Amino acid sequence: MTLIIVVLALFLVSCSGGGEAPPSLAPQPSAAQPPAPAGLIWSRDHALVRSQTDGSGLVTLADEPAGIGFTMVSGANVVYTTPQIPSVVNMEDLWAVQTNGTDRRLVVHDAIHETHLSDVIGPWVLYTYRPGRSFSPPPPSLASILLTGAASRIIMAATGQGELWQGPNYERQVGGRAVIEFAGNYFSLLPDGTDLRQLTFYSPPPHGNESFTALLGIRGVVGNSVIYPTVISPSSPTAPEGTPKLFAVPVLGGPTAKLGDGPEMEILGAVVRTRAVYHRCVLIALPNFDFTIDQCDVSSVQSDGHGRVALTATRDINYVQGTIGEQVIIRRSQRGGTTDSLFGIPVSGGAETPLLTLSAQNEFVSGIVGDRILVIRATGLWSLKADGSGLVQLTSDPSDWFSGSTGPFACFARGPSQPDLWCVPADGSGPATQVTEHGMFVTGL
């Protein structure tokens, strides 16, 4: 299992995209008018701030001497954590404030339990807690509380004792429901703790040599189903031991669908409407007992496991960079090659559309903003459309690193240890503007 996790981590780093423009694709200035500034939230020092992408309209949402921790935005509410004062290890307070800076309020303060923010679903804040001062505390339980700070409740408690303790692991929200892993299976329930549904029915983790299925976490949502990989033991011809396989199950419960169709390792790449796009990767054992990826192809399939289509069929490593509409953006790398290629292909299959020739080592696809692919190059940030047209240089500083997007703007960090925050229209229709010095992008609005 450890080897698989290491290989996956190395693979994800090595297969991110970027690259050089072919001679036929000279940079093209955009004729569009610059868009109006958009809103975003960023942090600096101990403050959480809202502003526009041009730095105007500053509103301080919170100023916490102990610092700002994990932050989430749900509708008109911003929920964030801050260490308790006086400082206690792993003890956090949970706060909420409106995105316009009003109605700041303490949601959770617990001097006995460790508390950590998990999610915000509608009017409910989900958080984990466990005794914070015991020598050997049990796993965290999962609780919820209204944004007003009222109606706190346990929605799934840790159970057992000693080495047999088991606690819920919060995964994500889907359709207003919380999806949780507990004791080797997935469950969903409403954030007030009602309507519990068991989604999977695998054998519990073994205490000997029994067969079992290990869940590896929810990776995405397709239609009304969650997508998750598993590792099955013992191995079989269609599921070698240690090889993750992809499945989908409705969030309200129902039949589990197998998404893949072969012995390869399966990794979710993207979701387009009701289709899941995934990688089928072959692992090769090396003489030093390590593993490497020999090839990866990309397929797409309906959420019920039907309508499977191979999008690529090569001896190379094909890796999904993102999606724009019905187009899947894929990077193709040849083992030992100095250049890669970026192309688009319809999610239901079809002809490939060449986009860019990529430098294999030092240029990367960093994200998707609207109908634009963002590329980090040695000369700054660039963007182009999913049909290969409209290549344009957005910035000229080699330190610029894409941070996130808001509306039609790409926001990026500029500078070394304490970078400044800037934003630029992703289509190149206007210049980059500085939002703040030494700021960190939190979310777009």
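**Notes on a strand-rich predicted model**

1. A cation–ring contact to start with: the charged end of arginine 377 sits over the ring of tryptophan 382, with 4.3 Å to the ring's centre. Another arginine–tryptophan pair turns up at residues 104 and 95, where arginine 104 lies over the face of tryptophan 95, 4.0 Å from the ring centre. Keep in mind while looking at both that this is a predicted model.

2. Now the overall picture. The protein has 37 strands and one helix. Its chain counts 445 residues, and 49% of them come out as buried. The exposed surface adds up to about 19,900 Å², with carbon and sulfur atoms supplying 56% of that. As for contacts between residues at least 6 apart in sequence, 40% join residues at least 24 apart.

3. On to the aromatics. Searching the whole structure gives five aromatic pairs. One of them is tyrosine 186 with tyrosine 228, an edge-to-face arrangement with 5.2 Å centre to centre and 65° between the planes. Tyrosine 186 belongs to strand β14 (residues 185-189) and tyrosine 228 to strand β18 (residues 225-233), so this pair ties together parts that are 42 residues apart in sequence. Both tyrosines, 186 and 228, are buried.

4. Tyrosine 228 has a second ring partner worth a look. Its ring and that of phenylalanine 247 have centres 6.0 Å apart and planes at 25°; the pair counts as stacked because planes under 30 degrees apart fall in that class. This pair, too, links distant parts of the chain: tyrosine 228 is in strand β18, while phenylalanine 247 is in strand β19 (residues 245-250), 19 residues apart. How buried are the two partners? Tyrosine 228 has a relative accessible area of 0%, and phenylalanine 247 is at 12%, so phenylalanine 247 still counts as buried with the cut-off at 20%. Put together, ring pairs link Tyr186, Tyr202, Tyr228 and Phe247 into a cluster.

5. Strand β10 (residues 141-146) deserves its own point. Five of its six residues are buried, so the strand is largely enclosed by the rest of the structure. Which way does β10 run relative to strand β9 (residues 124-131)? The two pair in the antiparallel sense, over six bridges. If you want one bridge to find on screen, tyrosine 129 has serine 141 in β10 as its partner.

6. β10 also pairs with β11, again antiparallel, through three bridges. Here leucine 142 stands opposite methionine 156 of β11. The hairpin made by β10 and β11 has six residues between the strands, and glycine 149 in this hairpin takes a positive phi near 90°.

7. Last, glutamine 166. Where does this residue sit? It lies in the loop that runs between β11 (153-156) and β12 (169-174). Its relative accessibility is 33%, which is why glutamine 166 counts as partly exposed: the value falls between the 20% and 50% limits. Leaving aside residues up to four places away in sequence, glutamine 166 touches Pro139, Ala158, Thr159, Phe182 and Ala183. Take Phe182 from that list: glutamine 166 and phenylalanine 182 are 16 residues apart in sequence, and 7.4 Å separates their C-alpha atoms in space.

Notes. Residues are numbered from 1 along each chain as its sequence is written. This is a predicted model: local features need pLDDT of at least 70, side-chain atom pairs count only at pLDDT 80 or more; totals for chains, interfaces and linings use all residues. Side-chain values use heavy atoms; hydrogens and water are left out. Helices (H or I, at least four residues) and strands (E, at least two) are DSSP runs, numbered from the N terminus. Buried means under 20% relative accessible area, exposed over 50%, partly exposed in between (1.4 Å probe, protein chains only). Contact means heavy atoms within 4.5 Å. Accessible areas come from the Shrake-Rupley method with a 1.4 Å probe; for residues, only the protein chains shown count as cover. Rings of Phe, Tyr and Trp (its six-membered ring) pair if their centres lie within 6.5 Å; planes under 30 degrees apart count as stacked, over 60 as edge-to-face and the rest as tilted. A charge sits over a ring if NZ of Lys or CZ of Arg is within 6 Å of the ring centre and within 35 degrees of the ring normal. Two strands pair if DSSP finds at least two bridges between them.
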